[in-house]
Amino acid sequence: MTQILTAILIALITWYVATMMPMFLRWSCYMGGPLVGGLVCGIIFGNIPYGLQVGATIQLAYLGAIAVGGTLPSELAIAGYLGTALTMSAGLEASAGLSIAVMLGSLGLLCRNAYMSLNSLVVQRADKYAEEGNAKKVRLMNQWGSQIVPFITYFIPSFLAMYFGADALQALMNVIPAKFITALSVSGGLIPALGIALLLIYVWDKKFIPYFVLGFFLVAYLNLNTMFIAIIGGCVAVIYMFANQKEGASAAAAEPEQDAKNLAETKLLTKKDLTTTWLRWICWAQRCYNYERLMGLGFCQAIANVIVKLFPGKEERAEALTRHMAFYNTENNWGAMILGATCAMEEDRAMGKPVEPEMIDSMKSALMGPLAGIGDSITQSIVKVILLGICIEMAAAGNLLGPVLFIVGFTAYCLIVSYFTFFSGYKMGRSAVTMLLSSDIARSITGALKIVSMMVIGAMAAANIRANVIVSGNFGGSTVVLQDVLNSILPKMVPLAVLLFCTWLLKKKQKSSIFVLLVLFAIGFALTFLNILG
């Protein structure tokens with residue numbers, strides 16, 4: 001195989017694994033990128049034992065790499081596949097591949113930040129199609145429109161690096177100004193404020209703002225995780241729900257059990273409809289992952305066929321599609337339960353039951369954080385680590401069953417868990433909503449969910465918006481860092497200010513999300529070059 005064909009093939013594989021591959025396969029081929037990349041490159045270069053040794057060695061450096069909220073310390077597709085390929089093409093020892101992979105992984109974060117930022121433009125186009133009720137074009141934007149930018153940001157750098165070799169790549173790293181790289185990182189830390197602001201505006205209710213503040217400062221002051229905050233919110237929500245129940249609640253509870261059973265047995269969605277939704281979720285949920293909405297477009301695409309069937313009217317369909325375009329993020333496998341419950345609640349709403357759209361939205365935002373915590377912990381900290389521990393040892397010994405076992409085992413886990421949680425969510429969602437026979441109960445449940453939702457949103461804002469002030473000065477013979485002073489006054493003050501600024505632009509000034517996105521980029525670059533943020 002000629003050098004140019006090899007470079008094209010490696011670049012295509014790197015791009016495909018990074019953003020194009022179905023999500024249930026990406027869990028193994030991406031999180032185990034170096035390990036699987038060793039097998040792939042071994043086949044391409046005609047030396048499988050060598051490839052396995054290089055891949056297994058590089059994978060050891062990323063054994064503890066865990067994606068939290070979609071962030072990773074390195075771009076594993078580029079580090080694993082391109083790093084292994086460059087090591088093998090140069091005929092280096094496996095240990096030398098580590099330094100190449102680290103360098104490439106760091107550079108790869110630029111590729112990731114670029115597509116995560118620019119894919120927000122794809123989301124804007126999908127917003128317009130959702131407002132038109134055009135589910136087909138929403139799906140096309142998620143599956144194909146989302147791949148234009150990553151093809152450029154992954155394929156071209158990978159091809160150039162593979163074709164010209166490690167020396168040219170190192171020269172490229174030296175040419176790129178450090179300030180420019182820092183500015184991209186700073187802007188990336190500010191952009192989540194836009195998506196959270198959009199979500200905050202959507203669920204806005206003045207009487208629940210204190211719960212947002214509580215969630216924010218529980219993270220800011222105590223550094224609590226989202227799961228713990230959701231538990232606290234749930235306890236407060238239960239107290240709120242019981243305190244706000246009215247006499248109509250007991251009457252509703254006294255409805256004949258047979259009536260509830262008949263309601264529960266009534267269905268509009270078939271098993272085929274639900275299976276299609278589950279497959280679209282587990283395949284394409286993160287196809288258009290972006291800083292503004294994260295998995296929002298992926299969620300909308302997954303549920304689009306359900307919305308089309310339940311709401312044939314264009315206006316109702318457009319309203320539902322637009323709602324499900326909101327900011328959303330969770331772990332794919334365990335988080336499939338939320339999608340299943342959402343399908344059930346949308347179905348009950350279409351059947352005329354007392355299910356308000358805001359109840360569905362509150363349920364989504366309240367549960368996505370806790371299920372992400374459960375899913376990330378089990379999937380990445382337990383399942384992945386155990387499988388890698390077994391498979392790396394096999395691959396290092398030249399056994400190709402190592403990466404094969406990792407792919408099969410991790411893929412089976414993803415498919416089985418997501419299928420079970422999705423259909424469990426659908427069944428439990430129907431049962432829970434069927435009992436809401438009173439509007440008083442519905443309002444009480446909605447309020448309770450909003451409490452949890454607002455606390456989780458506050459926690460997400462504190463945890464995901466990053467703005468670090470690097471201004472410092474000498475006073476009285478000692479160095480004072482402004483960020484430390486701000487933290488002593490009010491931790492996470494700058495991230496909160498950025499969120500409030502975005503909310504003000506969107507809500508009060510009626511600015512578009514694209515305008516706010518550009519403003520955040522401008523602020524990020526300006527404050528970086530002025531040595532204020534870093």
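**Helix packing and enclosed spaces**

In this predicted model, a good place to begin is the contact between two helices, where Ile-10, Ile-13, Thr-14, Val-17 and Ala-18 of H1 meet Ala-77, Ile-78, Tyr-81, Leu-82 and Ala-85 of H5. Sorted by class, the residues of this contact comprise nine nonpolar, one polar and no charged. Helix H1 covers residues 3-20 and helix H5 covers residues 76-90; their axes come within 9 Å and cross at roughly 160°. Because angles over 145 degrees count as roughly antiparallel, H1 is roughly antiparallel to H5. The crossing of these two helices, H1 and H5, is right-handed.

A second pair to look at is H18 and H20. Here the axes of helix H18 (residues 296-310) and helix H20 (residues 336-350) come within 10 Å, with a crossing of roughly 25°. The two helices, H18 and H20, are therefore roughly parallel to each other. From H18, the contact draws on Phe-299, Ala-302, Ile-303, Val-306, Ile-307 and Leu-310, and from H20 on Leu-339, Thr-342, Cys-343, Glu-346, Glu-347 and Ala-350. Nine nonpolar, one polar and two charged residues make up the contact of H18 with H20. In passing H20, H18 makes a right-handed crossing.

The third pair joins H12 and H25. Helix H12 spans residues 192-202 and helix H25 spans residues 493-507, and their axes come within 9 Å while crossing at roughly 55°. H12 and H25 are therefore oblique to each other, and H12 passes H25 in a right-handed crossing. On the H12 side, the residues in contact are Ala-193, Leu-194, Ile-196, Ala-197, Leu-198, Leu-200 and Ile-201, and these meet Val-498, Leu-499, Cys-502, Thr-503, Leu-506 and Lys-507 of H25. The classes found in the contact of H12 with H25 are eleven nonpolar, one polar and one charged residues.

Both H12 and H25 also turn up around an open space, the second largest pocket, and each of them supplies at least two residues of its lining. The second largest pocket holds about 530 Å³ of space. Its lining is made of 21 residues, and Asp-127, Glu-131, Leu-198, Arg-293 and Ser-513 are the ones that lie nearest the centre of the pocket. Leu-198 is thus a residue to keep in view, as it is also listed among the H12 residues that meet H25. Besides H12 and H25, at least two lining residues each come from helix H7 (120-131), helix H19 (314-323) and helix H26 (513-529). H7 gives the most to the lining of the second largest pocket, with five residues. The lining of the second largest pocket has ten nonpolar, four polar and seven charged residues.

Enclosed spaces come next. Searching the whole structure gives two cavities of 30 Å³ or more. The largest cavity has a volume of about 80 Å³. Around the largest cavity are Leu-199, Tyr-202, Val-203, Arg-323, Ala-326, Phe-327, Tyr-328, Asp-361, Lys-364, Ser-365 and Met-368. H12 appears here again: together with helix H21 (357-396), H12 is an element that gives two or more residues to the lining of the largest cavity. The largest share of that lining, four residues, comes from H21. By class, the lining of the largest cavity divides into seven nonpolar, one polar and three charged residues.

The second largest cavity contains about 40 Å³ of space. The residues that line the second largest cavity are Thr-19, Met-21, Met-23, Arg-26, Cys-283, Trp-284, Ala-285, Gln-286 and Arg-287. Two or more of these lining residues come from each of helix H2 (23-29) and helix H17 (271-284). Five nonpolar, two polar and two charged residues form the lining of the second largest cavity.

Methods. Residues numbered from 1 in each chain as written. Predicted model: local features only at pLDDT ≥ 70, side-chain atom pairs only at ≥ 80, totals over all residues. Heavy atoms only, no water. Axes fitted to C-alpha atoms, helices over the stretch in contact; angles between N-to-C directions. Parallel < 35°, antiparallel > 145°, perpendicular 65-115°, else oblique. Left-handed = near helix turned anticlockwise from the far one by under 90°. Contact = heavy atoms within 4.5 Å. Nonpolar A, V, L, I, M, F, W, Y, C, P; charged D, E, K, R; others polar. 1 Å grid on protein atoms, 1.4 Å probe; cavity = no way out; pocket = protein on both sides within 12 Å on 5 of 7 lines; lining within 4 Å. Points joined across faces, edges and corners; volume = space filled by probe spheres on them.
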